[in-house]
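Dear colleague,

Please find below the structure that I am handing over to you. A summary of the findings follows it.

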Amino acid sequence: MDAFDRFWQWADKPLESTLPIPAELHRAVMELAPEDRRSRTAVNQAAAHAQNTSDEH
């Protein structure tokens, strides 16, 4: 499952679900324009960039 699938599985979960996602993934996707959040490529690139940035610190 890639970052796009993880994010949308979380976003589309029922309200009572406690399914978590990493804060870095949430932040990376939410920084995208709303229309880019529906792009698998944009979401995966943003998530990869966020992961690389967190690995450097």
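How many salt bridges does a search of the whole structure find? The search finds two, a salt bridge being a side-chain nitrogen of Lys or Arg within 4 Å of a carboxyl oxygen of Asp or Glu.

Before the details, two notes on the basis of these values. The model is predicted, and local features need pLDDT of at least 70, side-chain atom pairs count only at pLDDT 80 or more, and totals for chains, interfaces and linings use all residues. Residues are numbered from 1 along each chain as its sequence is written, and side-chain values use heavy atoms, with hydrogens and water left out.

Confidence. The mean pLDDT of the protein (the predictor's confidence in each residue, from 0 to 100) is 94, and 93% of the residues score at least 70. Confidence is highest in α1, with a mean of 97, and lowest in α3, with a mean of 88. Helices here are DSSP runs (H or I, at least four residues), numbered from the N terminus.

Salt bridges. Aspartate 2 pairs with arginine 40, their closest N and O atoms lying 2.7 Å apart. Because aspartate 2 is in the segment before α1 (3-11) and arginine 40 is in helix α3 (residues 40-56), this pair ties together parts that are 38 residues apart in sequence. Arginine 40 also forms a salt bridge with aspartate 5, at 3.2 Å from N to O. That second pair links helix α1, which holds aspartate 5, to helix α3, which holds arginine 40, across 35 residues. Asp2, Asp5 and Arg40 are thus linked in a network of salt bridges. Aspartate 2 counts as partly exposed at 24% relative accessibility, as do aspartate 5 at 31% and arginine 40 at 38%. On this scale, buried means under 20% relative accessible area, exposed over 50%, and partly exposed in between (1.4 Å probe, protein chains only).

Helix α2 and the core. In helix α2 (residues 23-30), the buried residues are Leu25, Ala28 and Val29. Seen down the axis of α2, they fall within an arc of 95 degrees (taken from the directions from the helix axis to the C-beta atoms), so they line one face of the helix.

The largest nonpolar core (buried Ala, Val, Leu, Ile, Met, Phe, Trp, Tyr and Cys residues joined through side-chain atoms within 4.5 Å) has 13 residues, of which Ala3, Phe7, Leu25, Val29, Leu32 and Val43 touch the most other members. At least two residues of this core come from each of α1, α2 and α3. Leaving aside neighbours within four places in sequence, alanine 3 is in contact (heavy atoms within 4.5 Å) with Leu25, Val43, Asn44 and Ala47.

Yours sincerely
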